[in-house]
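Let's take a walk through this protein together. Have the sequence and the 3D view side by side, and we'll go from a patch on the surface to the overall picture and then to the charged pairs.

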Amino acid sequence: KVVVNKAGPTKLAPASVRENSPHLILTSVLLDPGEYTLRLAAIDDTGRSGSVHGSINARLTKLAGSLNVSDLMLVPQPPNPGETPRPRPSGVIDTDTIFAMLEMTSTNLQQLGKAKVAVQIADGDNGQALVTVDARQASRGTGQRAFAATLKLGVLPPGEYVARAIITAPGQPDSRIVRPFLLAPVANKATDEPEFDPSKPIDPDAPLAPPPPVKILAPVPRFLRETVLVPSVVRPFIDGLADLHPPSASVEAVLEDARNGKYHAPEGNAAASEDDELNLTFVRGLGALEKGDLPQAAAWFQQTQRGASDFLGAAFYIGATHAANGHDREAVGAWQLALLSENPGAVYPALVDALLRLGDGRQAVEFIEEAPTAWADDLMRVHREATAEAMLGDYAAALPKFVGLLDTWKDDPNLLFVTIQVLYRMQLDSKGKGLDAKNKALFADLVARHQQLDTPNKALVETWRKYVMR
């Protein structure tokens, strides 16, 4: 019984722009659940023809309770930004980024709404997770949800892997959907960053280029609001605002407490002068930030900025509220403005860390070179500098700095992890030559030290060890 029949000329597009690749036909049909046979036939302009047959089991997988789930689909990153991901019949992934998608249906809308999906990449069906990402949920109508996750696989060596969707629903045991794939990334000649040519003059009016792709997975410290509330950071900002807008004697007492880390400002007073109110508003913002009331803190700092446009300390603390909320891109914008403030030495470390969290090693290096003395501890500056260089793929510059830091921080798990990763990337980029004997021995020693620690990266480091030492 034929349920769908389509015929006619079709224009096919290459499956990938990264290399010479087969051309891909994409179509879809709506079927009732059941067993089907797909027959695909083609004929060229000379009359040569051929066909292939395949079996289709068109049904959802029934989970515990009333949940039904589709297959797990893995789709390579589109070659150009903004393009829609295109599924392929191949199990080969030729990009460093993939999209994992599945759909779920249920008559129990409450259970469906609370369902969660985490997508893991492992080296086998029952292997430890090497990469884990929580999927985003989107409604597809009543009783239907779609889940999607973006996974960056640049930290994994080429080879065979398994993607696992771990499905969690209230009152039900966890379920999983598995799909194997082969990771074989190929450089995208159409979109990769061009090599820098020093013979060509730089055009200052050219649009800013996007940051280059991050070469490593670098643990970067999250922002802690306590770091910008210590007296050594706060005092120059308070002094700067008081110089621009001199307070009365009573408000000066409040500012003196704030200089020493005590942020208690009285409620607004209609009789207070404009300058007094600006100083008190800024201290109120510091107090709200200390309590973790980020929306209120941001409101006080914005009010300070509106009343004192000549005071850029407010921009620094607006950036702090963004960073505390996890919005590093917005924080970077505010902190770049705050570099012109009364205390740029406090701005540089926070700004560089935010850039590293965003993966922008290029700008991070530029700001470190601009103010190398902004870090009270020189080892912290070297650590940031080495991390940024490793992100840019400058492993020759980064490696000796990481090794030197390990002389002081011998068992720091994050430092061991990133140094091992740099050596692994050097092996990966060696075009078959491999590490020299000295670096190979260093790699083995660092891996042994790392694996003795209790860290979440053990499985990933073991994957690198197998690749480098094979």
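**A walk through the model**

At 40% relative accessibility, Ile25 counts as partly exposed; here buried means under 20% relative accessible area, exposed means over 50%, and partly exposed is what lies in between (1.4 Å probe, protein chains only). You'll find Ile25 in the loop between strand E2 (23–24) and strand E3 (34–43). Helices (H or I, at least four residues) and strands (E, at least two) are DSSP runs, numbered from the N terminus. Together with Leu12, Leu40 and Val52, Ile25 makes a nonpolar surface patch of about 330 Å². Patches like this are built from residues with over 30% relative accessible area and no salt bridge, with nonpolar side chains (Val, Leu, Ile, Met, Phe, Trp, Tyr) joined within 5 Å and like charges within 9 Å. The areas come from the Shrake-Rupley method with a 1.4 Å probe, and for residues only the protein chains shown count as cover.

Before going on, a word on what you're looking at. This is a predicted model, so to speak of a local feature takes a pLDDT of at least 70, and side-chain atom pairs count only at pLDDT 80 or more, while totals for chains, interfaces and linings use all residues. Residues are numbered from 1 along each chain as its sequence is written, and side-chain values use heavy atoms, with hydrogens and water left out.

Now zoom out. The protein has 14 helices and 15 strands, and its C-alpha trace spans about 95 × 60 × 50 Å along the principal axes. Of the 470 residues, 41% are buried. About 26,000 Å² is exposed, and carbon and sulfur atoms supply 53% of that. Contact means heavy atoms within 4.5 Å; among the contacts with a separation of 6 or more, 60% are between residues 24 or more positions apart.

What about charge? There are 47 positive and 56 negative charges, and their mean positions are 11 Å apart. In that count Lys and Arg are positive and Asp and Glu negative, with His and the chain ends left out; each charge is placed at NZ of Lys, CZ of Arg, CG of Asp or CD of Glu.

Side chains of opposite charge can pair when their charged atoms come close. How many salt bridges are there? The count comes to 14, taking a salt bridge as a side-chain nitrogen of Lys or Arg within 4 Å of a carboxyl oxygen of Asp or Glu.

Start with Arg140 and Glu103, whose side chains meet in a salt bridge at 3.7 Å, N to O. Arg140 sits in the loop between strand E12 (136–139) and strand E13 (144–152) and Glu103 in strand E9 (residues 97–105), so the pair ties together parts that are 37 residues apart in sequence. Arg140 is partly exposed at 47% relative accessibility, and Glu103 is partly exposed too, at 32%.

Glu103 also turns up around Asn68, a residue of strand E6 (residues 68–69). Leaving aside neighbours within four places in sequence, Asn68 is in contact with Leu60, Thr61, Lys62, Glu103, Met104 and Thr105. For a sense of scale, Asn68 and Ala374 are 306 residues apart in sequence and 56 Å apart in space, C-alpha to C-alpha.

Next, look among the helices, where Asp328 forms a salt bridge with Arg357, the closest N and O atoms being 2.9 Å apart. This pair links distant parts of the chain, with Asp328 in helix H7 (residues 328–338) and Arg357 in helix H8 (residues 344–357), 29 residues apart. Is Asp328 buried or exposed? Asp328 counts as buried because its relative accessible area is 11%, whereas Arg357 is partly exposed at 24%.

A further pair is Glu389 and Lys401, meeting in a salt bridge at 2.8 Å, N to O. Glu389 belongs to helix H10 (residues 378–391) and Lys401 to helix H11 (residues 395–408), so to speak two distant parts of the chain, 12 residues apart, linked by the pair. Glu389 is buried, with a relative accessible area of 11%, and Lys401 is partly exposed at 25%. Salt bridges that share partners join Asp378, Arg381, Glu385, Glu389 and Lys401 into one network.

Stay in helix H10 for Thr387, which at 3% relative accessibility counts as buried. Beyond its neighbours within four places in sequence, Thr387 is in contact with Ile216, Ala218, Leu356 and Phe402.
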